Every structure is written in C-alpha cells, then in structure tokens.
Amino acid sequence: LQQLRRAVDLVEGSIGRQLMRSLVRGGDALFLCAAVSVGAQQRPVTFVRDTSHNLSELLGVKRFAVPLVGRDGRMIVTSEWFFGDVIALDSAWHKTSWKLELGGRDEIANVQRWGWSGDSIWVVDRVFNQVAMLGKDAKVKESVGFPSWVRPTWGDRRQYPWFSNATMLAMFADGSLLVEPSGVRRFFDTPGYNPDLRLFLRVDRDGRILRTVAQLPPMDGRVQLRSGTERKSYNVPNFPRTAFHISSDAERIAIVQPIGSDSGAFRVTALNGSGDTVFSKRYVVDANRVDRAVAGPYLKSLQALGRYSADQVRDTIARLMPQFNSPVVSVVNGIDHSVWIWIRRPGFDAQKAEWFVLDSLGNHAFTTLLPRQIKVYASRLDRLWSTENDRVKMATTLVTYRRSDLTSSPRSRSGSSSGTSSRAPRPE
C-alpha cells in the first residue's frame with residue numbers, strides 16, 4: 001500500500017510539472033494543456049446516414065447549393081457562388097418566411113462569406129463593400145463599410161504598420177470585424193511587426209486595430225533565396241502545411257500544425273474571438289517516412305542562383321524537407337466548437353475520409369470514417385451535415401449523419417454506415 005501511494009505521488013507530481021510547463025504563451029490561457037495519456041484501445045464510433053433533402057429543388061434552381069447550419073439546426077441556403085435567392089429552413093426542414101434577394105434587388109447584393117452571431121447572420125458583401133448583420137426578418141439591422149485603412153492606435157504604432165487593404169473574414173456581435181490585412185504602409189518603425197507572418201486582426205468599424213487574434217506562417221512549403229538583386233522562390237517537397245478554420249460564429253479559430261520532424265505528430269491550437277488560447281495540444285498518429293528518392297528528379301533540376309551554386313540550392317531545399325509525411329489534410333470547426341481533423345494514415349482507403357475529432361477542450365473524442373465524396377459543412381459530436389453534388393442533374397443533396405451509438409432522431413432514415421479507425425491516437 002505504501003509503494004502504491006508513493007507511485008501515485010510520483011505521477012501527480014509529474015502531471016503537475018507538465019501542467020505548469022504547458023501554459024500557452026501569447027494570450028491568457030483559458031485551459032491549461034497537459035500531456036494526458038489515452039488508452040491504447042477506444043470504442044469505435046460509427047456515423048450512419050440519417051436524413052437527406054434536395055436543396056436545389058427547395059431553391060428552385062438547377063445549381064449546386066451551399067448551406068449555413070446554426071447551432072439549433074436551422075439552415076440558410078443559397079446556390080453555389082451565392083447567386084439568386086437565399087432562403088431559410090427551420091430544424092424540421094420547413095421553409096420559413098425569411099428570404100433574401102441577391103443581385104442588387106435587396107440591401108445585400110453579394111455574399112462572399114457568411115456566419116452566425118446569435119440569432120442574427122452576418123454577411124460579407126463585396127459589391128456594396130459592406131459587412132452587414134441581418135435580423136430574423138432578413139433585413140439589415142447593422143451595416144459596416146469596409147474600412148479604408150487598417151491602422152494601429154497611437155500607442156501601438158510600433159507594434160503594427162498601416163495596411164491599405166484587408167480581407168473581411170467575420171463580424172462580431174459588437175460590430176467589430178475579423179480581418180486579414182495586406183498592403184503594408186510604414187509611417188513609423190515597427191519593431192513589433194513580423195512581415196513573415198499572416199495576421200488575423202480584430203478591428204473596430206473604423207479600422208482601428210483592437211488586438212491580434214491569430215498568427216500563421218505565410219507560405220507553407222516555399223522558401224525564397226536572394227543573391228544581390230536576384231530572388232527566386234522554391235517549393236519544398238512534402239512540406240507539412242498548416243491548416244486552419246474559422247467557425248461560423250467567429251468565436252473559434254482552429255489551427256493544426258504538423259510536426260514534420262516527428263512521426264505523425266501535429267499540434268492543435270484553438271483560439272477564441274479575442275485571441276485567447278482555449279487549448280493547445282499535441283497528438284500523434286501513424287505516418288510514413290518521406291521517400292526522398294521521389295524528390296530526387298526535382299532537386300536535380302534546380303539551378304544555381306547568383307552566388308549560390310546548384311549544389312548549395314539543392315542542399316538548402318533538401319534540409320527543409322520533413323522526415324515524415326504530414327497526416328493532416330484539413331480541419332473543420334464544429335458548431336459546438338468541436339474540432340474535426342481529416343487525417344491520412346499509411347494504407348488509407350481512398351474511398352473514405354478519416355476524421356480525428358476533438359471536443360471543445362481538446363480532448364480526443366473519437367475517430368471515424370466517412371464517405372470521401374461528401375463535403376462536411378457543419379458538425380457536432382453527435383451529428384454532422386454534409387452535401388453530395390450530382391454533376392449530371394446539377395443538384396445538391398444535403399445529408400445528415402448521426403452517431404449510431406446514440407438515440408436516433410424520430411425522423412431518421414436507414415442508410416449505409418461508416419467505419420472507424422482500428423488504432424487509437426497517442427496524445428502527448
């Protein structure tokens with residue numbers, strides 16, 4: 001009994017030290033992330049086809065459709081490229097009176113992006129250069145014009161330059177905007193600004209910078225060499241690319257960074273709308289080593305650049321190549337702030353997509369296989385909404401899937417089941 005107590009004390013001390021070391025830098029951490037072990041075996045999770053509806057018929061057009069799903073199951077639907085009318089469906093798939101006419105026939109001419117803010121919907125309109133908030137009656141209740149400049153306050157003039165342009169990404173309930181700025185204009189020295197990073201900023205309606213929400217590497221997999229006035233960019237074969245996704249309510253940004261030097265490792269960081277870190281954890285799945293022989297012809301084709309010989313250029317690119325292939329394909333934020341990561345393991349089935357799913361605090365929830373041809377638009381830990389396009393009939397069917405181990409919906413329908421991975425991940 002005394003030996004057991006000493007072992008428990010050792011484990012608790014080790015976990016405590018890991019918790020202290022894992023405090024995330026760059027923001028007030030809302031959740032301290034520790035290296036928590038998960039059992040080698042986990043109960044498989046299967047999603048089965050539940051309901052399906054032809055969105056193109058509901059819209060009355062022969063075009064592919066795009067849905068926006070809310071937390072309560074409501075949907076806003078329009079055709080691909082946001083052409084024509086926008087309609088709303090309640091959680092029982094019934095049309096409501098909510099309707100928006102695009103193309104200049106209403107206060108919104110175009111929808112480049114859209115999302116939720118409580119019961120309201122924000123849209124980015126590139127024609128009228130506005131970000132608008134729509135109420136339950138589909139009328140604009142607030143409109144913010146694109147700011148002419150994204151600029152720092154006087155106190156932050158050394159932290160940020162001025163930006164002459166910005167991509168509008170989302171609108172928050174208080175009217176502030178999430179933007180990715182571009183077009184740097186320096187009126188002061190800015191030692192706090194790193195031009196090699198992509199910035200996601202939260203700005204007010206006049207373009208004043210409130211805070212940095214996220215920073216991402218600019219061009220994954222490319223390196224630029226300079227020699228005097230000469231410069232050239234090179235692709236790095238098999239370079240692990242960072243994936244990210246902004247939730248439809250703009251309150252969660254998921255960033256997945258593969259670690260090419262470690263077999264199958266990747267780090268998932270979740271940030272809230274203020275840029276605070278919700279969690280940052282590292283996970284490990286199976287991965288193959290990079291076959292450097294495949295990149296041999298490409299490396300041999302590289303030529304000298306200025307003072308750099310051909311061998312120096314090749315060695316530079318070869319040193320940047322990872323040791324392992326990245327297992328990460330893409331990432332999707334769930335409407336419940338779960339994180340769905342599409343991964344590829346060695347010997348993956350080309351007809352299936354394996355999803356590695358985390359809950360809102362970064363705990364591994366399950367891994368499941370879904371049909372490769374579907375596109376996931378919204379997800380929860382118990383359900384997901386996806387589309388299937390018929391390119392012959394030019395129609396989109398929205399298909400929902402539910403977890404087979406949970407109580408089925410009263411309107412569920414039978415369908416083909418999906419599989420799960422045979423091996424559990426190793427969070428570290």
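Among contacts in the protein with a separation of 6 or more, 49% are between residues 24 or more positions apart. The structure is a predicted model, and it contains four helices and 26 strands. Of its 428 residues, 46% count as buried. The protein exposes about 21,800 Å², and carbon and sulfur atoms supply 48% of that area.

Before turning to individual strands, the confidence of the prediction should be considered. The pLDDT averages 84 over the protein, and 84% of the residues score at least 70. Two stretches with low values can be named. Over residues 1-41 the pLDDT is below 50, and in the model this stretch has 34 contacts beyond near neighbours in sequence. Residues 409-424 also have a pLDDT below 50, with 44 contacts beyond near neighbours in sequence. Where pLDDT is low, the predicted coordinates should not be read in detail. The contacts of residues 1-41 and of residues 409-424 are therefore to be taken as part of the model, without reading their coordinates in detail.

Two of the sheets can be followed strand by strand. One is an open sheet of four strands in the order S10-S11-S12-S13, and the pairing is antiparallel. At its edges lie strand S10, residues 162-171, and strand S13, residues 209-216, each of which pairs on one side only. From one strand to the next, the twist averages 35 degrees. Within this sheet, strand S12 covers residues 198-203 and pairs with S13 in the antiparallel sense over six bridges. To find this pairing in the structure, look for leucine 201, which stands opposite threonine 212 in S13.

Further along the chain is another open sheet of four strands, with the order S20-S21-S22-S23 and antiparallel pairing. Its edge strands are S20, at residues 328-333, and S23, at residues 364-371; each pairs on one side only. Here the twist averages 25 degrees from one strand to the next. Strand S22, made of residues 352-358, is joined to S23 by seven bridges, and these two strands run antiparallel. One residue pair to look for is alanine 353 and its bridge partner in S23, leucine 370.

The two sheets can now be set side by side. In the sheet S10-S11-S12-S13 the pairing is antiparallel, and the average twist is 35 degrees from one strand to the next. The sheet S20-S21-S22-S23 has antiparallel pairing, and its twist averages 25 degrees from one strand to the next.

How values were computed
Residues are numbered from 1 along each chain as its sequence is written. This is a predicted model: local features need pLDDT of at least 70, side-chain atom pairs count only at pLDDT 80 or more; totals for chains, interfaces and linings use all residues. Side-chain values use heavy atoms; hydrogens and water are left out. Buried means under 20% relative accessible area, exposed over 50%, partly exposed in between (1.4 Å probe, protein chains only). Contact means heavy atoms within 4.5 Å. Accessible areas come from the Shrake-Rupley method with a 1.4 Å probe; for residues, only the protein chains shown count as cover. Two strands pair if DSSP finds at least two bridges between them. Axes are lines fitted to C-alpha atoms, for helices over the stretch in contact, and angles run from 0 to 180 degrees between N-to-C directions. pLDDT is the predictor's confidence in each residue, from 0 to 100.
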